[in-house]
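Okay, thanks for coming, everyone. I'd like to walk you through one model today, a few spots at a time. Let me put it up on the screen.

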Amino acid sequence: MKKVFGRPESLTDVPFTYCPGCHHGTAHRLVAEVLDEFGIREKTIGICPVGCSVFAYLFFNCDVICAAHGRAPAIATGIKRSKPDSIVFTYQGDGDLASIGTAEIVHAANRGENITVIFINNAIYGMTGGQMAPTTLVGQVTQTSPYGRDPKTMGYPIKMSEMLSTIKGATYISRVALTKPAYIVKAKKAIKKAFQVQLDGKGFSMVEILSTCPTNWGLSPVEASKWLEENMIPYYPLGEFRTPEEVA
Amino acid sequence: MAKIIIDEERCKGCELCITACPKHILVMSEQFNKKGYHPAKQIKPEECTGCAFCAMICPDISIEVFK
Ligand SMILES: Cc1ncc(C[n+]2csc(CCOP(=O)(O)OP(=O)(O)O)c2C)c(N)n1
Ligand code: SF4
Ligand code: SF4
Ligand code: SF4
Ligand SMILES: [Mg+2]
């Protein structure tokens, strides 16, 4: 018998520190599998955020730098420009990318930086205990929206993929989910495409991954997956928003 | 012939693999692992097709699949 599924080489042996059922782990694995498949682990530099995935440097078996909150795209820009032969990706949560780091992501995309962004949208600030994020759904209860998000005072959940798709410098933008094997297969394809865009020198690529945060949603992992499918996907539709052909 | 190996110490008992297995041959063990979770365990191994759905959905990469 041959091993047909196992741990990718681009991950260390360190067990993830994420909560049971948290999709950060699945997202890490898919990125690592893509690095393995392209054989680019040794020339890849990841930038991890502030958020639950701040420890990503322990898990990815490549060079990883920790950025100040939201600033990963700025650091990625500097690295990619000074070492153009390296493959550079950022890994950012929704608090990181869509709140404190909004300026950085918008301008990195607008400059068409040749980097890949993995954006984990779990509709909440996970690490700090479940505060409302810009991506929190209308009516969603969080620590800082105890009666549910009310758009009158808190605005509507921000759609980063759609927003960044209006930018000419953004070459590849796609949104995926990880709640079932069929989605996971598609997610991996999207991540592979995003890195391919960078390998081809075609510019900015981002994959938004709809993810669960069972702990701060107050749901079991299985319930959280169901909640994501029933509530997040209708508001944050899956699919490709920008592809290299469109840009050409 | 197909086989899976569950790393009980890495498993966090999230139950996602149980919902993903089309053959319904994964259950939670009564035992605890060192972290205090009930790990997943396979019953009726002869029915496993090696589809790897369980391994794909496992956020902690606790399952290896052999075919
Ligand atoms: C400059 C600064 N402001 C605020 C914080 C506090 N803080 C830490 S993580 C975080 C948000 C994390 O949420 P997200 O980016 O969605 O990541 P998740 O944990 O959900 O994966 C905040 C506000 C900080 N560390 N630094
Ligand atoms: S708090 Fe949420 S995002 Fe953070 S590790 Fe736990 S489940 Fe994952
Ligand atoms: S490989 Fe497929 S059939 Fe076998 S236990 Fe996993 S999900 Fe079930
Ligand atoms: S999906 Fe993984 S961590 Fe969750 S119960 Fe199954 S083997 Fe354990
Ligand atoms: Mg978050």
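So, to start: how many aromatic pairs are there over all chains? The count comes to 9. And keep in mind that this is a predicted model.

Let me pick out one of those pairs, Phe55(A) with Tyr57(A). The ring centres sit 6.4 Å apart and the planes are at 55° to each other, so this pair goes down as tilted, given that anything over 60 degrees would be edge-to-face. How accessible are these two? Phe55(A) has a relative accessible area of 34%, which makes it partly exposed. Tyr57(A) is partly exposed as well, at 38%. Elsewhere in chain A, Phe60(A), Phe89(A), Tyr91(A) and Phe195(A) come together as one aromatic cluster.

Staying with rings for a moment, some of them have a charge over the face. Arg7(A) puts its charged end over the ring of Phe16(A), at 5.7 Å from the centre. Then there's Lys192(A), over the face of Phe38(A), with 5.4 Å to the ring centre.

Hold on to Lys192(A), because Glu37(A) touches that lysine, and Lys188(A) too, leaving aside residues up to four places away in sequence. Glu37(A) itself belongs to helix α1 of chain A, residues 24-38. Buried or exposed, or something between, for Glu37(A)? It's partly exposed, at 43% relative accessibility. The C-alpha of Glu37(A) is also 9.4 Å from that of Pro8(A), and those two are 29 residues apart along the chain.

Now the metal. Which protein atoms are donors to the magnesium ion, ligand 5? We have an OD of Asp94(A), OD1 of Asn122(A) and the O of Ile124(A), at 2.0 to 2.2 Å from the ion. In sequence, the spacing reads D-x27-N-x1-I. Asp94(A) and Ile124(A) link distant parts of the chain, 30 residues apart: Asp94(A) is in helix α4 (residues 94-100), and Ile124(A) is in the loop between β5 (116-121) and α6 (151-154). Both residues are buried: Asp94(A) has 2% relative accessibility, and Ile124(A) has 1%.

Last stop, chain B and ligand 4. Among the residues surrounding ligand 4 are Cys11(B), Cys14(B), Cys17(B) and Cys58(B), and the list also includes Lys12(B), Glu15(B) and Ile63(B). By class, that shell has 6 nonpolar, 2 polar and 2 charged residues.

That's my tour. Happy to rotate the view if anyone wants another look.

Note on methods. Residues are numbered from 1 along each chain as its sequence is written. Chains are lettered from A and ligands numbered from 1 in the order in which they are written. This is a predicted model: local features need pLDDT of at least 70, side-chain atom pairs count only at pLDDT 80 or more; totals for chains, interfaces and linings use all residues. Side-chain values use heavy atoms; hydrogens and water are left out. Rings of Phe, Tyr and Trp (its six-membered ring) pair if their centres lie within 6.5 Å; planes under 30 degrees apart count as stacked, over 60 as edge-to-face and the rest as tilted. Buried means under 20% relative accessible area, exposed over 50%, partly exposed in between (1.4 Å probe, protein chains only). A charge sits over a ring if NZ of Lys or CZ of Arg is within 6 Å of the ring centre and within 35 degrees of the ring normal. A residue is near a molecule or strand if one of its heavy atoms lies within 4 Å of it. Ala, Val, Leu, Ile, Met, Phe, Trp, Tyr, Cys and Pro count as nonpolar, Asp, Glu, Lys and Arg as charged, and the others, Gly among them, as polar. Donors are N, O and S atoms within 2.8 Å of the metal (3.2 Å for Na, K and Ca); water is not among the atoms, so sites may look incomplete. Helices (H or I, at least four residues) and strands (E, at least two) are DSSP runs, numbered from the N terminus. Contact means heavy atoms within 4.5 Å.
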